Amino acid sequence: MLTTVPTPAGVPVPLTETGSDPWPQTVLEVDGLTVGWGATAVERPAVENVSFRLAAETDTALVGPNGAGKSTLVQAVLGILPRQAGTVRVLGAPLSPSGRLPAAVRAQVAYLPQQLTVDGRFPLTVAEAVGLGWEPSGLRLPWAGRRGRGAAVRVALERTGCADLADRLISELSTGQWKRVLLAFCLVRPRQLLVLDEAQAGLDPQAADQFLRLLFDLRRSEGWAVLQISHDLEMVRRTCDRVLCLNRSLRCQGSPEIALSPAQLERLYGRGYVPYHHHHSRP
Amino acid sequence: MSLPAAEWLELLRFPFMQRALLAGLLSGSLGGLLGSVAVLRQLSFFSDALGHSALLGISLGVLLGVEPTLVLIPFAALFALVVAQLVERSRLPSDALLNIVYSSSLAIAVVVLRLLSARAGSLEQLLFGDILAVSWGDLAQQALLLAAVLLYLLLTRRAQILVSLDQGLAVSQGVAVGRQRLLFVVVLAVVVALSIKAVGVLLISAFVVIPACSARLISSSFGVYVPLASAIGAGCGVTGLLASAAFNLPSGPCVVIVQLVSFLLALLIRSRRLQPG
(Lines give C-alpha, C1' and ligand atoms only; values in the text may rest on other atoms or scores of the structure.)
Protein backbone atom coordinates (compact mmCIF):
# COMPACT_ATOMS: atom_id res chain seq x y z
CA MET A 1 0.00 0.00 0.00
CA LEU A 2 1.24 3.49 -0.78
CA THR A 3 0.69 6.78 0.98
CA THR A 4 0.60 9.95 -1.06
CA VAL A 5 1.66 13.54 -0.43
CA PRO A 6 1.10 16.62 -2.57
CA THR A 7 4.08 17.74 -4.64
CA PRO A 8 4.94 21.45 -4.88
CA ALA A 9 2.92 21.41 -8.09
CA GLY A 10 -0.02 20.03 -6.17
CA VAL A 11 -0.08 16.59 -7.83
CA PRO A 12 -0.28 13.75 -5.30
CA VAL A 13 2.47 11.15 -5.78
CA PRO A 14 3.31 7.96 -3.89
CA LEU A 15 5.67 8.70 -1.03
CA THR A 16 6.21 5.62 1.09
CA GLU A 17 5.14 2.06 1.29
CA THR A 18 3.30 1.27 4.47
CA GLY A 19 2.23 -1.94 6.13
CA SER A 20 4.54 -4.02 8.34
CA ASP A 21 7.37 -2.03 9.93
CA PRO A 22 10.10 -1.95 7.29
CA TRP A 23 12.62 -0.24 9.64
CA PRO A 24 14.25 -2.80 11.88
CA GLN A 25 17.01 -0.30 12.68
CA THR A 26 17.06 3.20 11.31
CA VAL A 27 20.57 4.23 10.33
CA LEU A 28 19.70 7.55 8.73
CA GLU A 29 16.66 9.72 9.32
CA VAL A 30 16.11 12.86 7.25
CA ASP A 31 13.18 15.09 8.01
CA GLY A 32 12.08 18.21 6.10
CA LEU A 33 15.56 18.87 4.73
CA THR A 34 15.90 22.06 2.68
CA VAL A 35 19.22 23.16 1.18
CA GLY A 36 20.01 26.25 -0.85
CA TRP A 37 22.58 28.96 -1.31
CA GLY A 38 23.11 32.24 -3.08
CA ALA A 39 20.56 34.91 -3.85
CA THR A 40 17.83 32.45 -4.84
CA ALA A 41 18.21 30.18 -1.81
CA VAL A 42 14.95 31.20 -0.20
CA GLU A 43 12.73 31.41 -3.29
CA ARG A 44 14.18 28.38 -5.03
CA PRO A 45 16.28 26.09 -2.84
CA ALA A 46 18.29 23.34 -4.53
CA VAL A 47 16.60 20.71 -2.35
CA GLU A 48 13.28 21.31 -0.66
CA ASN A 49 11.54 19.59 2.24
CA VAL A 50 12.97 16.11 1.75
CA SER A 51 12.19 13.36 4.27
CA PHE A 52 13.25 9.72 4.19
CA ARG A 53 14.71 6.97 6.34
CA LEU A 54 17.38 4.38 5.66
CA ALA A 55 17.22 1.03 7.41
CA ALA A 56 20.25 -1.03 8.35
CA GLU A 57 21.57 -3.41 5.70
CA THR A 58 19.52 -1.92 2.88
CA ASP A 59 20.65 -0.53 -0.45
CA THR A 60 18.89 2.69 -1.41
CA ALA A 61 19.36 4.50 -4.72
CA LEU A 62 18.86 8.22 -5.19
CA VAL A 63 17.81 8.92 -8.78
CA GLY A 64 16.72 11.97 -10.70
CA PRO A 65 17.66 14.15 -13.66
CA ASN A 66 20.83 16.25 -13.81
CA GLY A 67 20.52 19.31 -11.59
CA ALA A 68 17.84 17.63 -9.46
CA GLY A 69 19.88 18.22 -6.29
CA LYS A 70 21.08 14.65 -5.67
CA SER A 71 24.68 15.55 -4.80
CA THR A 72 23.47 18.56 -2.82
CA LEU A 73 21.16 16.31 -0.81
CA VAL A 74 23.81 13.74 0.11
CA GLN A 75 26.33 16.45 0.93
CA ALA A 76 23.85 18.14 3.24
CA VAL A 77 23.06 14.79 4.86
CA LEU A 78 26.78 14.29 5.52
CA GLY A 79 27.24 17.84 6.86
CA ILE A 80 29.44 18.92 3.95
CA LEU A 81 26.90 21.55 2.87
CA PRO A 82 24.89 23.62 5.34
CA ARG A 83 21.12 23.18 5.44
CA GLN A 84 18.44 25.84 5.58
CA ALA A 85 15.87 23.76 7.39
CA GLY A 86 15.12 20.25 8.56
CA THR A 87 16.87 17.66 10.68
CA VAL A 88 19.27 14.80 9.98
CA ARG A 89 19.91 12.01 12.44
CA VAL A 90 22.60 9.38 11.93
CA LEU A 91 22.27 6.31 14.17
CA GLY A 92 20.00 8.42 16.33
CA ALA A 93 22.50 11.28 16.77
CA PRO A 94 21.47 14.67 15.40
CA LEU A 95 23.70 16.36 12.83
CA SER A 96 24.51 19.79 14.26
CA PRO A 97 23.75 22.93 12.18
CA SER A 98 27.50 23.20 11.49
CA GLY A 99 27.60 19.61 10.23
CA ARG A 100 29.14 17.94 13.31
CA LEU A 101 28.34 14.46 14.57
CA PRO A 102 29.69 12.70 17.66
CA ALA A 103 33.06 11.12 16.74
CA ALA A 104 31.82 7.58 17.46
CA VAL A 105 28.89 8.07 15.07
CA ARG A 106 31.00 9.83 12.43
CA ALA A 107 33.36 6.83 12.43
CA GLN A 108 30.41 4.67 11.31
CA VAL A 109 29.92 6.73 8.14
CA ALA A 110 31.89 6.56 4.90
CA TYR A 111 31.51 8.64 1.75
CA LEU A 112 32.76 8.15 -1.78
CA PRO A 113 32.65 11.46 -3.66
CA GLN A 114 31.73 11.52 -7.33
CA GLN A 115 35.14 12.74 -8.44
CA LEU A 116 38.24 12.81 -6.37
CA THR A 117 40.75 14.42 -8.67
CA VAL A 118 44.28 14.32 -7.37
CA ASP A 119 46.12 17.31 -8.78
CA GLY A 120 49.60 16.38 -10.00
CA ARG A 121 51.86 13.93 -8.21
CA PHE A 122 50.39 13.32 -4.75
CA PRO A 123 52.95 11.62 -2.48
CA LEU A 124 50.54 9.31 -0.66
CA THR A 125 50.61 5.54 -1.10
CA VAL A 126 47.49 3.43 -1.38
CA ALA A 127 48.27 1.80 2.00
CA GLU A 128 48.68 5.24 3.62
CA ALA A 129 45.40 6.45 2.08
CA VAL A 130 43.45 3.43 3.28
CA GLY A 131 45.07 3.80 6.73
CA LEU A 132 43.46 7.25 7.02
CA GLY A 133 40.07 5.53 6.96
CA TRP A 134 41.07 3.37 9.92
CA GLU A 135 42.27 6.21 12.15
CA PRO A 136 39.72 7.93 14.38
CA SER A 137 39.28 11.69 14.00
CA GLY A 138 41.00 14.06 16.40
CA LEU A 139 44.57 14.71 17.44
CA ARG A 140 46.76 11.64 17.19
CA LEU A 141 50.42 10.94 16.58
CA PRO A 142 51.04 9.09 13.29
CA TRP A 143 52.63 6.06 14.92
CA ALA A 144 49.76 5.46 17.40
CA GLY A 145 48.12 2.08 16.75
CA ARG A 146 50.52 1.39 13.88
CA ARG A 147 50.34 -2.41 14.14
CA GLY A 148 46.53 -2.60 14.25
CA ARG A 149 46.26 -0.15 11.37
CA GLY A 150 48.74 -2.10 9.23
CA ALA A 151 46.82 -5.36 9.72
CA ALA A 152 43.43 -3.74 9.00
CA VAL A 153 44.79 -2.05 5.86
CA ARG A 154 46.23 -5.34 4.56
CA VAL A 155 42.90 -7.13 5.01
CA ALA A 156 40.91 -4.28 3.40
CA LEU A 157 43.26 -4.18 0.40
CA GLU A 158 43.10 -7.94 -0.05
CA ARG A 159 39.30 -7.99 0.10
CA THR A 160 39.03 -5.28 -2.54
CA GLY A 161 41.66 -6.86 -4.78
CA CYS A 162 44.10 -3.99 -4.23
CA ALA A 163 46.86 -5.80 -2.32
CA ASP A 164 49.29 -5.37 -5.23
CA LEU A 165 48.64 -1.60 -5.24
CA ALA A 166 49.64 -1.03 -1.59
CA ASP A 167 52.90 0.80 -2.38
CA ARG A 168 51.66 2.69 -5.45
CA LEU A 169 51.01 6.42 -5.20
CA ILE A 170 47.31 7.29 -5.38
CA SER A 171 48.02 9.77 -8.20
CA GLU A 172 49.24 6.88 -10.37
CA LEU A 173 46.01 4.88 -10.17
CA SER A 174 43.40 4.47 -12.88
CA THR A 175 39.85 5.58 -12.06
CA GLY A 176 38.77 1.96 -11.55
CA GLN A 177 41.67 1.22 -9.20
CA TRP A 178 41.05 4.46 -7.29
CA LYS A 179 37.39 3.55 -6.73
CA ARG A 180 38.37 0.13 -5.38
CA VAL A 181 40.92 1.79 -3.09
CA LEU A 182 38.16 4.09 -1.81
CA LEU A 183 36.06 1.02 -1.08
CA ALA A 184 39.01 -0.36 0.90
CA PHE A 185 39.04 3.00 2.73
CA CYS A 186 35.41 2.35 3.73
CA LEU A 187 36.07 -1.28 4.57
CA VAL A 188 39.12 -0.74 6.77
CA ARG A 189 36.98 -0.23 9.87
CA PRO A 190 33.43 -1.34 10.72
CA ARG A 191 30.84 1.08 9.33
CA GLN A 192 27.09 1.20 9.23
CA LEU A 193 26.40 3.79 6.54
CA LEU A 194 28.05 4.14 3.15
CA VAL A 195 27.15 7.08 0.88
CA LEU A 196 28.24 6.97 -2.76
CA ASP A 197 27.91 9.82 -5.23
CA GLU A 198 27.75 8.25 -8.69
CA ALA A 199 30.22 5.51 -7.94
CA GLN A 200 30.21 4.43 -11.58
CA ALA A 201 31.20 7.85 -12.96
CA GLY A 202 34.33 7.65 -15.10
CA LEU A 203 34.32 3.85 -15.30
CA ASP A 204 33.99 1.86 -18.51
CA PRO A 205 31.20 -0.77 -18.49
CA GLN A 206 33.55 -3.60 -17.51
CA ALA A 207 35.14 -1.65 -14.65
CA ALA A 208 31.69 -0.45 -13.54
CA ASP A 209 30.51 -4.07 -13.47
CA GLN A 210 33.50 -5.17 -11.39
CA PHE A 211 33.02 -2.28 -8.99
CA LEU A 212 29.31 -2.91 -8.55
CA ARG A 213 29.86 -6.61 -7.98
CA LEU A 214 32.43 -5.81 -5.32
CA LEU A 215 30.14 -3.24 -3.70
CA PHE A 216 27.24 -5.67 -3.78
CA ASP A 217 29.27 -8.46 -2.11
CA LEU A 218 30.77 -6.16 0.51
CA ARG A 219 27.44 -4.59 1.32
CA ARG A 220 26.02 -8.06 2.03
CA SER A 221 28.99 -9.25 4.10
CA GLU A 222 29.51 -6.02 6.04
CA GLY A 223 25.84 -5.23 6.60
CA TRP A 224 26.22 -1.65 5.39
CA ALA A 225 23.23 0.57 4.75
CA VAL A 226 24.05 2.08 1.36
CA LEU A 227 22.76 5.33 -0.10
CA GLN A 228 23.97 5.72 -3.65
CA ILE A 229 23.32 8.26 -6.37
CA SER A 230 22.98 6.56 -9.73
CA HIS A 231 21.87 7.21 -13.28
CA ASP A 232 21.95 3.50 -14.12
CA LEU A 233 18.32 2.58 -13.51
CA GLU A 234 18.79 -0.96 -14.75
CA MET A 235 21.41 -1.55 -12.06
CA VAL A 236 19.19 0.15 -9.48
CA ARG A 237 16.29 -2.10 -10.46
CA ARG A 238 18.39 -5.23 -9.99
CA THR A 239 20.45 -4.44 -6.90
CA CYS A 240 18.69 -1.86 -4.75
CA ASP A 241 16.01 -2.41 -2.14
CA ARG A 242 14.57 1.08 -2.29
CA VAL A 243 14.62 4.09 -4.56
CA LEU A 244 14.31 7.80 -3.79
CA CYS A 245 13.21 9.86 -6.78
CA LEU A 246 14.39 13.45 -6.46
CA ASN A 247 13.81 16.52 -8.53
CA ARG A 248 14.45 19.30 -6.01
CA SER A 249 11.82 17.72 -3.80
CA LEU A 250 11.24 14.02 -3.27
CA ARG A 251 8.74 12.97 -5.93
CA CYS A 252 8.44 9.34 -4.95
CA GLN A 253 10.09 6.66 -2.82
CA GLY A 254 9.55 2.94 -2.58
CA SER A 255 10.64 -0.35 -4.04
CA PRO A 256 12.27 -0.25 -7.51
CA GLU A 257 9.15 -1.79 -9.07
CA ILE A 258 7.04 1.10 -7.84
CA ALA A 259 9.47 4.01 -7.97
CA LEU A 260 10.86 3.11 -11.38
CA SER A 261 7.57 2.37 -13.11
CA PRO A 262 7.22 4.04 -16.54
CA ALA A 263 4.67 6.50 -15.18
CA GLN A 264 6.90 7.55 -12.28
CA LEU A 265 9.93 7.87 -14.53
CA GLU A 266 8.05 10.06 -16.96
CA ARG A 267 6.93 12.22 -14.06
CA LEU A 268 10.49 12.46 -12.80
CA TYR A 269 12.42 12.90 -16.02
CA GLY A 270 9.77 14.27 -18.33
CA ARG A 271 7.98 12.93 -21.39
CA GLY A 272 10.07 10.99 -23.92
CA TYR A 273 12.53 9.74 -21.28
CA VAL A 274 14.87 6.98 -22.54
CA PRO A 275 16.46 5.01 -19.69
CA TYR A 276 20.26 4.70 -19.63
CA HIS A 277 21.84 1.44 -18.57
CA HIS A 278 24.96 -0.65 -18.93
CA HIS A 279 24.77 -4.28 -19.92
CA HIS A 280 25.74 -5.96 -16.67
CA SER A 281 26.81 -9.55 -16.30
CA ARG A 282 26.00 -9.72 -12.59
CA PRO A 283 24.92 -9.31 -9.81
CA MET B 1 85.43 35.95 -7.13
CA SER B 2 85.72 33.11 -4.64
CA LEU B 3 87.53 33.25 -1.31
CA PRO B 4 90.61 31.07 -0.82
CA ALA B 5 89.80 27.95 1.19
CA ALA B 6 91.76 29.09 4.26
CA GLU B 7 89.88 32.39 4.46
CA TRP B 8 86.61 30.60 3.92
CA LEU B 9 87.30 28.25 6.83
CA GLU B 10 88.41 31.23 8.91
CA LEU B 11 85.04 32.86 8.18
CA LEU B 12 83.23 29.86 9.67
CA ARG B 13 84.87 30.57 13.02
CA PHE B 14 83.03 33.87 13.39
CA PRO B 15 79.95 33.67 15.65
CA PHE B 16 77.83 35.66 13.16
CA MET B 17 78.58 33.03 10.50
CA GLN B 18 77.80 30.16 12.86
CA ARG B 19 74.51 31.83 13.77
CA ALA B 20 73.77 32.37 10.10
CA LEU B 21 74.39 28.68 9.33
CA LEU B 22 72.08 27.66 12.16
CA ALA B 23 69.47 30.14 10.90
CA GLY B 24 69.78 28.65 7.40
CA LEU B 25 69.30 25.18 8.83
CA LEU B 26 66.29 26.15 10.95
CA SER B 27 64.50 28.41 8.48
CA GLY B 28 65.14 25.98 5.60
CA SER B 29 63.86 23.06 7.65
CA LEU B 30 60.81 25.02 8.80
CA GLY B 31 60.01 26.23 5.27
CA GLY B 32 60.27 22.70 3.87
CA LEU B 33 58.17 21.23 6.66
CA LEU B 34 55.28 23.67 6.36
CA GLY B 35 55.71 23.96 2.60
CA SER B 36 55.11 20.22 2.18
CA VAL B 37 51.49 20.75 3.24
CA ALA B 38 51.12 24.25 1.73
CA VAL B 39 52.05 22.91 -1.72
CA LEU B 40 49.57 20.03 -1.51
CA ARG B 41 46.92 22.50 -0.37
CA GLN B 42 47.79 24.75 -3.36
CA LEU B 43 48.77 27.62 -1.08
CA SER B 44 52.08 28.47 -2.78
CA PHE B 45 50.82 31.82 -4.01
CA PHE B 46 49.25 32.48 -0.63
CA SER B 47 52.66 32.26 1.06
CA ASP B 48 53.96 34.78 -1.47
CA ALA B 49 51.14 37.18 -0.59
CA LEU B 50 51.87 36.68 3.12
CA GLY B 51 55.53 37.53 2.55
CA HIS B 52 54.67 40.77 0.80
CA SER B 53 52.11 41.69 3.42
CA ALA B 54 54.79 41.30 6.08
CA LEU B 55 56.45 44.42 4.73
CA LEU B 56 53.17 46.24 5.29
CA GLY B 57 53.21 44.96 8.87
CA ILE B 58 56.73 46.26 9.36
CA SER B 59 55.80 49.67 7.96
CA LEU B 60 52.82 49.72 10.33
CA GLY B 61 55.17 49.06 13.24
CA VAL B 62 57.44 51.91 12.13
CA LEU B 63 54.42 54.19 11.75
CA LEU B 64 53.21 53.37 15.26
CA GLY B 65 56.67 53.62 16.73
CA VAL B 66 56.49 50.02 18.00
CA GLU B 67 59.11 47.31 17.53
CA PRO B 68 58.13 45.92 14.09
CA THR B 69 58.40 42.24 15.15
CA LEU B 70 55.76 42.81 17.83
CA VAL B 71 53.35 44.17 15.24
CA LEU B 72 54.32 41.71 12.53
CA ILE B 73 53.03 38.46 14.06
CA PRO B 74 49.48 39.60 14.94
CA PHE B 75 49.33 41.59 11.71
CA ALA B 76 50.37 38.60 9.58
CA ALA B 77 47.93 36.27 11.35
CA LEU B 78 45.04 38.73 10.97
CA PHE B 79 45.98 39.45 7.38
CA ALA B 80 46.05 35.70 6.61
CA LEU B 81 42.59 35.20 8.09
CA VAL B 82 41.10 38.16 6.20
CA VAL B 83 42.68 37.13 2.89
CA ALA B 84 41.63 33.47 3.36
CA GLN B 85 38.03 34.60 3.90
CA LEU B 86 38.25 36.94 0.93
CA VAL B 87 39.53 34.14 -1.32
CA GLU B 88 36.78 31.83 -0.11
CA ARG B 89 33.91 34.28 -0.43
CA SER B 90 34.95 36.33 -3.45
CA ARG B 91 33.91 35.10 -6.85
CA LEU B 92 37.27 36.08 -8.35
CA PRO B 93 39.94 33.50 -9.16
CA SER B 94 42.21 33.16 -6.12
CA ASP B 95 45.43 33.79 -8.10
CA ALA B 96 44.10 37.13 -9.38
CA LEU B 97 42.91 38.14 -5.93
CA LEU B 98 46.21 37.20 -4.28
CA ASN B 99 48.07 39.13 -6.95
CA ILE B 100 46.07 42.25 -6.08
CA VAL B 101 46.74 41.70 -2.37
CA TYR B 102 50.46 41.14 -2.59
CA SER B 103 51.32 43.82 -5.14
CA SER B 104 49.26 46.47 -3.35
CA SER B 105 50.67 45.47 0.07
CA LEU B 106 54.18 45.85 -1.28
CA ALA B 107 53.42 49.18 -2.93
CA ILE B 108 51.78 50.69 0.17
CA ALA B 109 54.55 49.44 2.46
CA VAL B 110 57.37 50.85 0.28
CA VAL B 111 55.63 54.24 0.01
CA VAL B 112 54.98 54.40 3.78
CA LEU B 113 58.57 53.47 4.60
CA ARG B 114 59.92 56.06 2.16
CA LEU B 115 57.59 58.78 3.50
CA LEU B 116 58.67 58.07 7.02
CA SER B 117 62.27 58.11 5.84
CA ALA B 118 62.71 55.25 8.21
CA ARG B 119 64.45 52.08 7.17
CA ALA B 120 65.01 53.70 3.81
CA GLY B 121 68.57 52.46 3.79
CA SER B 122 67.58 48.99 4.85
CA LEU B 123 64.70 48.43 2.45
CA GLU B 124 66.88 46.08 0.44
CA GLN B 125 67.63 44.21 3.67
CA LEU B 126 63.90 43.73 4.24
CA LEU B 127 63.28 42.64 0.66
CA PHE B 128 66.09 40.10 0.50
CA GLY B 129 66.71 39.42 4.19
CA ASP B 130 69.93 39.53 6.17
CA ILE B 131 70.64 36.14 7.58
CA LEU B 132 74.05 37.30 8.83
CA ALA B 133 72.30 39.69 11.25
CA VAL B 134 70.29 37.09 13.16
CA SER B 135 70.84 37.00 16.92
CA TRP B 136 70.86 34.07 19.34
CA GLY B 137 67.41 35.25 20.43
CA ASP B 138 66.15 34.97 16.84
CA LEU B 139 67.59 31.46 16.65
CA ALA B 140 65.88 30.39 19.87
CA GLN B 141 62.62 31.79 18.50
CA GLN B 142 63.05 29.80 15.27
CA ALA B 143 63.94 26.58 17.11
CA LEU B 144 60.81 26.89 19.25
CA LEU B 145 58.71 27.60 16.18
CA LEU B 146 60.16 24.56 14.39
CA ALA B 147 59.31 22.32 17.36
CA ALA B 148 55.78 23.74 17.55
CA VAL B 149 55.14 23.34 13.81
CA LEU B 150 56.51 19.78 13.87
CA LEU B 151 54.19 18.84 16.74
CA TYR B 152 51.23 20.56 15.04
CA LEU B 153 51.78 18.68 11.77
CA LEU B 154 52.34 15.35 13.51
CA LEU B 155 49.13 15.66 15.54
CA THR B 156 46.99 16.83 12.64
CA ARG B 157 48.59 14.69 9.90
CA ARG B 158 45.37 12.82 9.07
CA ALA B 159 43.35 16.02 8.84
CA GLN B 160 46.02 17.75 6.74
CA ILE B 161 46.06 14.91 4.19
CA LEU B 162 42.28 14.54 4.01
CA VAL B 163 41.74 18.30 3.57
CA SER B 164 44.38 18.34 0.82
CA LEU B 165 42.73 15.36 -0.91
CA ASP B 166 39.06 16.34 -0.84
CA GLN B 167 37.18 18.61 1.53
CA GLY B 168 33.94 16.63 1.28
CA LEU B 169 35.77 13.41 2.12
CA ALA B 170 37.48 15.21 5.02
CA VAL B 171 34.16 16.45 6.48
CA SER B 172 32.64 12.98 6.12
CA GLN B 173 35.55 11.65 8.20
CA GLY B 174 34.96 14.09 11.01
CA VAL B 175 37.56 16.72 10.11
CA ALA B 176 36.57 20.31 11.00
CA VAL B 177 37.73 21.55 7.59
CA GLY B 178 37.09 25.26 8.10
CA ARG B 179 38.95 25.31 11.40
CA GLN B 180 41.87 23.30 10.00
CA ARG B 181 42.21 25.58 6.99
CA LEU B 182 42.21 28.75 9.08
CA LEU B 183 44.62 27.32 11.63
CA PHE B 184 47.01 26.32 8.86
CA VAL B 185 47.07 29.77 7.24
CA VAL B 186 47.65 31.38 10.65
CA VAL B 187 50.60 29.02 11.32
CA LEU B 188 51.92 29.77 7.82
CA ALA B 189 51.56 33.51 8.49
CA VAL B 190 53.45 33.30 11.78
CA VAL B 191 56.28 31.29 10.18
CA VAL B 192 56.51 33.74 7.29
CA ALA B 193 56.51 36.73 9.68
CA LEU B 194 59.28 35.31 11.84
CA SER B 195 61.41 34.24 8.87
CA ILE B 196 61.32 37.63 7.15
CA LYS B 197 64.39 38.96 8.96
CA ALA B 198 66.57 36.11 7.75
CA VAL B 199 65.02 35.36 4.39
CA GLY B 200 63.43 38.60 3.18
CA VAL B 201 60.05 39.51 1.78
CA LEU B 202 60.77 38.60 -1.83
CA LEU B 203 62.37 35.22 -1.22
CA ILE B 204 60.26 33.78 1.60
CA SER B 205 57.88 31.93 -0.70
CA ALA B 206 60.84 30.13 -2.31
CA PHE B 207 61.71 28.69 1.12
CA VAL B 208 58.17 27.35 1.43
CA VAL B 209 57.60 26.17 -2.14
CA ILE B 210 60.85 24.93 -3.75
CA PRO B 211 62.04 22.27 -1.24
CA ALA B 212 58.49 20.88 -1.00
CA CYS B 213 58.18 20.65 -4.79
CA SER B 214 61.57 18.93 -5.05
CA ALA B 215 60.52 16.39 -2.41
CA ARG B 216 57.13 15.91 -4.06
CA LEU B 217 58.81 14.90 -7.31
CA ILE B 218 60.85 12.07 -5.81
CA SER B 219 59.01 10.88 -2.68
CA SER B 220 57.61 7.38 -2.68
CA SER B 221 55.21 7.96 0.22
CA PHE B 222 53.85 10.63 2.56
CA GLY B 223 56.06 9.22 5.30
CA VAL B 224 59.08 10.08 3.15
CA TYR B 225 57.74 13.31 1.63
CA VAL B 226 57.44 15.56 4.68
CA PRO B 227 60.83 14.73 6.29
CA LEU B 228 62.49 14.91 2.86
CA ALA B 229 61.03 18.37 2.14
CA SER B 230 62.33 19.54 5.51
CA ALA B 231 65.76 17.97 4.94
CA ILE B 232 66.06 19.52 1.46
CA GLY B 233 65.10 22.90 2.92
CA ALA B 234 67.71 22.58 5.68
CA GLY B 235 70.40 21.30 3.30
CA CYS B 236 69.79 24.11 0.82
CA GLY B 237 69.85 26.68 3.63
CA VAL B 238 73.29 25.58 4.84
CA THR B 239 74.76 24.98 1.36
CA GLY B 240 73.47 28.32 0.10
CA LEU B 241 75.08 30.16 3.01
CA LEU B 242 78.40 28.38 2.54
CA ALA B 243 78.28 29.27 -1.16
CA SER B 244 77.44 32.88 -0.33
CA ALA B 245 80.45 33.05 2.02
CA ALA B 246 82.73 31.39 -0.52
CA PHE B 247 81.76 33.65 -3.40
CA ASN B 248 81.00 36.76 -1.32
CA LEU B 249 77.45 36.98 -2.66
CA PRO B 250 74.15 37.91 -0.98
CA SER B 251 73.04 35.03 1.25
CA GLY B 252 69.26 34.88 0.58
CA PRO B 253 69.56 34.72 -3.22
CA CYS B 254 72.35 32.14 -2.91
CA VAL B 255 70.08 29.86 -0.84
CA VAL B 256 67.29 30.21 -3.40
CA ILE B 257 69.70 29.37 -6.25
CA VAL B 258 70.77 26.22 -4.38
CA GLN B 259 67.08 25.37 -3.90
CA LEU B 260 66.60 25.76 -7.65
CA VAL B 261 69.54 23.40 -8.26
CA SER B 262 67.95 20.86 -5.90
CA PHE B 263 64.68 21.16 -7.80
CA LEU B 264 66.43 20.57 -11.13
CA LEU B 265 68.19 17.53 -9.63
CA ALA B 266 64.83 16.19 -8.41
CA LEU B 267 63.42 16.67 -11.92
CA LEU B 268 66.37 14.75 -13.34
CA ILE B 269 65.93 11.90 -10.84
CA ARG B 270 62.22 11.78 -11.62
CA SER B 271 62.74 11.65 -15.38
CA ARG B 272 65.39 8.88 -14.96
CA ARG B 273 62.88 6.82 -12.94
CA LEU B 274 60.23 7.26 -15.60
CA GLN B 275 62.51 6.01 -18.37
CA PRO B 276 61.61 2.48 -19.45
CA GLY B 277 64.03 -0.32 -18.50
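# Exercises on a predicted two-chain model

**Exercise 1. Trace the sheet that contains E3(A) and E4(A), and state how its strands pair.**

Step 1. In this predicted model, six bridges link E3(A) with E4(A), and the two strands pair in the antiparallel sense. One register point of this pairing is Thr26(A), which stands opposite Ala55(A) in E4(A).

Step 2. E3(A) is also joined to E6(A), by five bridges, and these strands run antiparallel. Here Glu29(A) has Arg89(A) in E6(A) as its bridge partner.

Step 3. From E6(A), residues 85-90, two bridges lead on to E7(A), again in an antiparallel arrangement. Arg89(A) has Pro94(A) as its bridge partner in E7(A).

Step 4. The resulting order is E4-E3-E6-E7 in chain A, an open sheet of four strands with antiparallel pairing. Its edge strands are E4 (47-55) and E7 (93-94) of chain A, each of which pairs on one side only.

**Exercise 2. Which strands does H1(A) lie across, and at what angle does H1(A) run to E3(A)?**

Step 1. The strands concerned are E3 (26-35), E4 and E6 of chain A.

Step 2. The angle between H1(A) and E3(A) is about 115 degrees.

**Exercise 3. Describe the six-stranded sheet of chain A: order, edges, twist and one strand pair.**

Step 1. The strand order is E8-E9-E10-E5-E11-E12 in chain A; the sheet is open and its pairing is mixed.

Step 2. E8 (109-112) and E12 (249-254) of chain A are the edge strands, each pairing on one side only.

Step 3. From one strand to the next, the twist averages 15 degrees.

Step 4. A parallel pair within this order is E5(A), residues 59-63, with E10(A), residues 225-229, joined by four bridges. Leu62(A) stands opposite Ile229(A) in E10(A).

**Exercise 4. Characterise the contact between the two domains of chain A.**

Step 1. Domain 1 of chain A comprises 1-108 + 191-283, and domain 2 comprises 118-189.

Step 2. The contact involves 14 residues of domain 1 and twelve residues of domain 2 of chain A.

Step 3. On the domain 1 side, the elements giving two or more residues are helix H2 (103-106) and helix H6 (205-222) of chain A. H6(A) gives the most to this side, with six residues.

Step 4. By class, the residues on the domain 1 side are ten nonpolar, one polar and three charged.

**Exercise 5. How many residues does each chain give to the contact of chain A with chain B, and what is the composition of the chain A side?**

Step 1. Chain A gives 23 residues and chain B gives 23 residues.

Step 2. Helix H1 (70-78), H2, E8 and helix H3 (126-134) of chain A each supply at least two residues of the side that touches chain B.

Step 3. The chain A side has 13 nonpolar, five polar and five charged residues.

**Exercise 6. Classify the packing of H2(B) against H12(B) as parallel or antiparallel, and give its handedness.**

Step 1. H2 (residues 15-40) and H12 (residues 222-247) of chain B pack at an angle of about 150 degrees, and their axes are 7 Å apart.

Step 2. Angles over 145 degrees count as roughly antiparallel. H2(B) is therefore roughly antiparallel to H12(B).

Step 3. The crossing of H2(B) and H12(B) is right-handed.

Step 4. The contact of H2(B) with H12(B) has 14 nonpolar and twelve polar residues, with no charged residues.

Methods
Residues are numbered from 1 along each chain as its sequence is written. Chains are lettered from A and ligands numbered from 1 in the order in which they are written. This is a predicted model: local features need pLDDT of at least 70, side-chain atom pairs count only at pLDDT 80 or more; totals for chains, interfaces and linings use all residues. Axes are lines fitted to C-alpha atoms, for helices over the stretch in contact, and angles run from 0 to 180 degrees between N-to-C directions. Angles under 35 degrees count as roughly parallel, over 145 as roughly antiparallel, 65 to 115 as roughly perpendicular and the rest as oblique. A crossing is left-handed if the near helix is turned anticlockwise from the far one by less than a right angle, and right-handed if clockwise. Ala, Val, Leu, Ile, Met, Phe, Trp, Tyr, Cys and Pro count as nonpolar, Asp, Glu, Lys and Arg as charged, and the others, Gly among them, as polar. Two strands pair if DSSP finds at least two bridges between them. Domain bounds come from an automatic or database domain assignment. Two residues are in contact if their C-beta atoms, placed from the backbone, lie within 7 Å.
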